[in-house]
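Q: Got a minute to go through this model with me? I'd like to start with one residue and work outwards.

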Amino acid sequence: MLLRWILAALHLVALGVGAGAVANRSRVLAAPLDAAGLKRVFHADNAWGVAGVLWIGTGLWRLLAQTEKSTAYYLGNHVFWTKMGILALLIALEMWPMMTLVRWRMQVQRGEAVDTSRAPLLARISRIQLALVVAMVFAATAMARGMGS
């Protein structure tokens, strides 16, 4: 019972942290990026990454350990598969921003100039990801109410 509660709470905390982080990353990327702006975008990106690990980790734990419902319930639920499709799209969209921001971090560490001309596109991707997070919340709440099975 305690594990179930803690996993559910951490899953929801990851939602709040992740939504705030990706929204902040979008906002910072949309502004001109000087050294302080890059620091802010890296901080927001770190929080987004931590939230993702926490979200996926607790979600997998809840699924595989059957802390809420049986694994069969989830695997036989079309809303669950919709949610997983949204997650897959979210992760696929993250590949380019992740690689770009890793490259920017390395350039900053080496003291090199960073070409941030693609930052507005990264900001748009982040806004799309935020919308996908909201869509996942709708799918999750539908599942919690027995829809899709």
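**Starting from one aspartate**

A: D45 is buried, with a relative accessible area of 11%; buried means under 20% relative accessible area, exposed over 50%, and partly exposed in between, using a 1.4 Å probe and protein chains only. Before going on: this is a predicted model, where local features need pLDDT of at least 70, side-chain atom pairs count only at pLDDT 80 or more, and totals for chains, interfaces and linings use all residues. Residues are numbered from 1 along each chain as its sequence is written, and side-chain values use heavy atoms, with hydrogens and water left out.

Q: Ok, and where is D45 found?

A: D45 is in helix 2. Helices here are DSSP runs of H or I with at least four residues, strands are E runs of at least two, and both are numbered from the N terminus.

Q: Which residues is D45 in contact with, leaving aside neighbours within four places in sequence?

A: R25, E94, L101 and R105. Contact means heavy atoms within 4.5 Å.

Q: What about A47, buried or exposed?

A: A47 is partly exposed, with a relative accessible area of 25%. A47 also has its place in helix 2. Not counting residues up to four places away in sequence, A47 touches V17 and A21. The C-alpha atoms of A47 and N24 are separated by 9.8 Å, and these two are 23 residues apart along the chain.

Q: Zooming out, how many helices and strands are there?

A: Five helices and zero strands, so to speak α-α-α-α-α from the N terminus on. The C-alpha trace spans about 50 × 25 × 20 Å along its principal axes.

Q: And how much of the chain is buried?

A: Buried residues make up 36% of the 149 residues. Among contacts with a separation of 6 or more, 80% are between residues 24 or more positions apart.

Q: Which residues make up the largest nonpolar core?

A: Twelve residues: V28, L29, L33, L38, V41, F42, L101, W104, V114, A119, L122 and A123. A nonpolar core is a set of buried Ala, Val, Leu, Ile, Met, Phe, Trp, Tyr and Cys residues joined through side-chain atoms within 4.5 Å. Helix 1 (2-30), helix 2 (35-64), helix 4 (78-109) and helix 5 (119-144) each supply at least two residues of this core. Another core of eleven residues lies apart from it, with V22, W48, I86 and L87 among them.

Q: What does V28 contact, beyond its neighbours within four places in sequence?

A: L33, G37, R40 and V41.

Q: Switching to helix 1, which of its residues are buried?

A: L7, H11, A14, G18, A21, V22, R25, S26, V28 and L29. What covers them includes helix 2, helix 4 and helix 5.

Q: Why do buried positions in a helix often come three or four places apart?

A: An α-helix has 3.6 residues a turn, so residues three or four places apart point the same way.

Q: Now helix 5: how far does it reach?

A: Helix 5 has 26 residues and reaches 37 Å from its first C-alpha to its last, close to the 38 Å expected at 1.5 Å a residue. The expected span is 1.5 Å times one less than the number of residues.

Q: What do its buried residues pack against?

A: The buried residues of helix 5 pack against helix 1, helix 2, helix 3 (71-75) and helix 4. After helix 5 comes G146, whose phi is positive, near 85 degrees.
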